[in-house]
Amino acid sequence: MRSLVLALTIILLLTSCNDDDKEDTVLVFKYKSSVQCAPDSGILLDDMAADLTAANIKVLCAADGHDGNVAITLCGAETGEINVYEITKSALINAENLGFSNLSALQDANVVMACQ
């Protein structure tokens, strides 16, 4: 009986913990503008993040990624590489006004967000 009460107490404590104080976040992306056969082409992750922070949008996490689309293999053709940023949902419209898009628009995107 004691172990049952202890187990129920632990479950109650764990389920009562939530992140109501933490604002919801969203992932946004923008193409790097990198091209094939030019390994140093494209906008760096930190440089593009500066555009967001200059607009008072806090970047919570950032990562490189790929849009997941098949691209023709041809020097000068786009690579499909993207820069991805985690921001608050309340900043999404401002980010979209800067040319960023919600990552959910790319169904096959390949992105690993390693921030905590």
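**Entry 1: overall layout**

I began by counting elements and found 3 helices and 5 strands in the chain. I kept in mind throughout that this is a predicted model. Reading along the sequence, I wrote down the pattern α-β-α-β-β-α-β-β. The chain has 116 residues, and 27% of them count as buried. I then looked up the contacts between residues at least 6 apart in sequence: 76% of these join residues at least 24 apart. For the surface, I noted about 8100 Å² exposed by the chain, with carbon and sulfur atoms supplying 54% of it.

**Entry 2: the sheet**

In what order do the strands of the open sheet lie? I read off β4-β1-β3-β2-β5, with antiparallel pairing. At the edges I found β4 (101-102) and β5 (110-111), each of which pairs on one side only. I followed β5 inward to its neighbour: β2, residues 61-66, pairs with β5 in the antiparallel sense over 2 bridges. One residue I checked here was Gly-65, whose bridge partner in β5 is Val-111. A reminder to myself: strands of a sheet pair through backbone hydrogen bonds, either parallel or antiparallel.

Next I looked at how α2 sits on the sheet. Helix α2 lies across β1, β2 and β3, and I noted an angle of about 40° between α2 and β3.

**Entry 3: the nonpolar cores**

I turned to the largest nonpolar core, which has 13 residues. The members that touch the most others are Val-28, Leu-52, Ile-57, Tyr-85, Ile-87, Ala-95 and Phe-100. I asked myself which elements each supply at least two residues of this core. They are β1 (25-31), α2 (45-54), β3 (81-88) and α3 (92-97). The largest share, 4 residues, comes from α2.

I picked Ile-57 for a closer look. Leaving aside residues up to four places away in sequence, Ile-57 touches Leu-52, Ile-87, Ala-91, Asn-94, Ala-95 and Leu-98. Apart from this core I found another, of 5 residues, with Phe-29, Ile-82, Val-84 and Leu-103 among them.

**Entry 4: the disulfides**

How many disulfides does the structure hold? I found 2.

I took Cys-37 and Cys-75 to start with; they are joined with an S to S distance of 1.8 Å. The angle about the S-S bond is -65°, and the link is left-handed. Cys-37 sits in the loop between β1 and α2, and Cys-75 in the loop between β2 and β3, so this pair ties together parts that are 38 residues apart in sequence. Are these two cysteines buried or exposed? Cys-37 counts as exposed because its relative accessibility is 56%, and Cys-75 is exposed too, at 54%. The cut-off I applied for exposed is over 50%.

Then I went to Cys-61 and Cys-115, which form a disulfide with sulfur atoms 2.1 Å apart. This link is right-handed, with 85° about the S-S bond. It connects distant parts of the chain: Cys-61 is in strand β2 and Cys-115 in the segment after β5, 54 residues apart. I looked up accessibility for this pair as well. Cys-61 has a relative accessible area of 3% and is therefore buried, whereas Cys-115, at 38%, counts as partly exposed.

To finish, I numbered the bonded cysteines of the chain in sequence order and wrote down the pairing as 1-3, 2-4.

Methods: Residues numbered from 1 in each chain as written. Predicted model: local features only at pLDDT ≥ 70, side-chain atom pairs only at ≥ 80, totals over all residues. Heavy atoms only, no water. Buried < 20%, exposed > 50% of the residue type's maximum accessible area, 1.4 Å probe, protein only. Contact = heavy atoms within 4.5 Å. Areas by Shrake-Rupley, 256 points an atom, 1.4 Å probe, with all protein chains shown as cover. Core = buried A, V, L, I, M, F, W, Y, C linked by side-chain atoms within 4.5 Å. Pairing = 2+ DSSP bridges. Axes fitted to C-alpha atoms, helices over the stretch in contact; angles between N-to-C directions. Disulfide = S-S within 2.5 Å.
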